[in-house]
Amino acid sequence: MATGTTEFIDVTNADVFLEEVWAKEATIAREQRLVFATNVDRRFEAQLRRGQVIRIQEISNLAARAKSANTAISYETVTETEATITVDEYYYAAFAVEDIIAIQSSHDLRSRYSPKLGYALALQEDDALAALIDDGTITQTVGTMAADLSYDNLVRADQYLNDASVPEEDRVIIISPAQKAGFLKLDQFIHSDYADTRQGILGSWMGQYPIFVTPNVDGTNAAGHDNVMMHREAIAHISQMEPTVKSDYDIDYLADKVVAAELYDHAVIRADHAVWMKGA
């Protein structure tokens with residue numbers, strides 16, 4: 001024990017007496033807003049309960065021809081194409097908790113981590129869909145990477161869809177937070193004479209395009225993002241096995257094991273039903 005005029009009991013030498021309190025709540029990692037999987041065509045899922053490949057045939061329009069007097073008509077020969085989706089994207093997420101942790105931890109870690117299994121798989125699925133926007137299949141583009149999209153870019157993208165006779169319903173715009181910041185500089189999104197105030201700022205454009213903002217758009221703030229304007233039928237998505245949770249007790253490791261798995265795939269089916277909006 002030290003003595004002297006400057007000696008006293010401080011937090012260092014009284015460390016064994018200082019209490020530690022473990023919070024009853026944990027800081028849970030934030031989850032991104034995932035919107036791609038809810039805005040694509042999922043009609044084919046029910047048709048592929050078994051098997052690996054689904055073939056989607058295209059039916060083209062026919063041409064009207066003038067009929068000449070006293071001449072035979074010509075019959076049109078159509079050679080159609082098809083889109084093929086091979087379902088082979090197989091992913092899982094898993095964790096295991098030893099008995100000693102379950103007994104001594106202040107948190108029920110199994111219940112804490114179980115919801116994260118579903119989010120991990122949903123994020124993987126959404127990532128894969130977002131990556132389709134710039135994979136080379138969608139050739140209609142507007143804007144410049146890492147630069148704010150202009151109002152003219154939006155109007156031109158809308159024209160692309162109109163030129164392709166895309167149905168007006170089920171169109172959406174999906175953008176990054178950085179591009180949202182860019183749109184908020186445009187009068188058309190913040191002025192009451194332009195904005196669709198029924199759904200709030202950036203709720204929709206022209207009352208026709210719901211606008212979804214998500215950090216899960218492909219890209220970075222430095223390099224720009226792959227925003228998109230599209231119709232639901234631009235991309236077909238098949239989730240052949242929705243995230244399925246299985247658990248088991250491992251007697252060798254004295255641990256509860258929990259795993260979730262999914263099986264899915266997708267493809268761009270109607271390339272002219274989407275516009276890659278290169279932007280912030």
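Which residues does Glu 76 touch, not counting residues up to four places away in sequence? They are Asn 61, Leu 62, Ala 63 and Arg 65, a contact being heavy atoms within 4.5 Å. The legends below describe a predicted model, in which local features need pLDDT of at least 70, side-chain atom pairs count only at pLDDT 80 or more, and totals for chains, interfaces and linings use all residues. Residues are numbered from 1 along each chain as its sequence is written, and side-chain values use heavy atoms, with hydrogens and water left out.

**Figure 1. The whole chain, with five helices and twelve strands.** Helices (H or I, at least four residues) and strands (E, at least two) are DSSP runs, numbered from the N terminus. The chain has five helices and twelve strands, and its radius of gyration is 28 Å, well over the 19 Å that the globule rule gives for 280 residues, so the chain is more spread out than a compact globule. That radius is taken over C-alpha atoms, and the rule is 2.2 Å times the number of residues to the power 0.38. The C-alpha trace spans about 120 × 55 × 35 Å along its principal axes. Of the 280 residues, 34% are buried; buried means under 20% relative accessible area, exposed over 50%, and partly exposed in between (1.4 Å probe, protein chains only). Among contacts with a separation of 6 or more, 79% join residues 24 or more positions apart.

**Figure 2. Confidence along the chain, with residues 197–201 under 50 in pLDDT.** pLDDT is the predictor's confidence in each residue, from 0 to 100. The chain averages 90, and 94% of the residues score at least 70. Over residues 197–201 the pLDDT stays under 50, and the model has five contacts for them beyond four places in sequence. Where pLDDT is low, the predicted coordinates should not be read in detail.

**Figure 3. Strand 1 and strand 2, with the loop that holds Glu 76.** Side chains alternate along strand 1 (residues 53–57): Ile 54 and Ile 56 point to one face and are buried, whereas Val 53, Arg 55 and Gln 57 point to the other and are not. Strand 1 pairs with strand 2 (residues 82–86) in the antiparallel sense over five bridges, where pairing requires at least two DSSP bridges between the strands. Ile 56 has Ala 83 of strand 2 as its bridge partner. Glu 76 lies in the loop between these strands and counts as partly exposed at 34% relative accessibility. From Glu 76 to Pro 115 the C-alpha distance is 56 Å, with their positions 39 residues apart in sequence.

**Figure 4. Helix 2 and the strands that cover its buried residues.** Helix 2 (residues 109–130) has 22 residues, which should span 32 Å at 1.5 Å a residue, and its end C-alpha atoms are 31 Å apart, in agreement. The expected span is 1.5 Å times one less than the number of residues. Buried residues of helix 2 include Leu 117, Tyr 119, Leu 121 and Leu 123. Strand 3 (89–98), strand 10 (235–250) and strand 11 (255–268) are among the elements that cover the buried residues of this helix.

**Figure 5. The hairpin of strand 10 and strand 11.** The two strands pair in the antiparallel sense over 13 bridges, and Thr 244 has Ala 261 of strand 11 as its bridge partner. Four residues lie between the strands. In this loop, Leu 254 has a positive phi near 50° and is partly exposed, with a relative accessible area of 46%. Most residues other than glycine have a negative phi, and most peptide bonds are trans.

**Figure 6. Helix 3 and the loop after it.** Helix 3 (residues 151–163) reaches 18 Å from its first C-alpha to its last, close to the 18 Å expected for its 13 residues. Asn 153, Leu 154, Ala 157, Asp 158 and Leu 161 are buried. Seen down the helix axis, the buried residues fall within an arc of 135°, so they line one face; the arc is that of the directions from the axis to the C-beta atoms. Asp 152 and Asp 163 are exposed on the other side. Ser 165, which follows helix 3, has a positive phi near 55°. Asp 170, in the loop between helix 3 and strand 5 (171–175), has a positive phi near 65° and is partly exposed at a relative accessible area of 41%.

**Figure 7. Trp 276 in strand 12.** Trp 276 counts as buried at 15% relative accessibility. Beyond four places in sequence, the contacts of Trp 276 include Ile 133, Ile 138, Val 142, Met 145 and Asn 227. The C-alpha atoms of Trp 276 and Met 229 are separated by 6.8 Å, although these residues are 47 apart along the chain.
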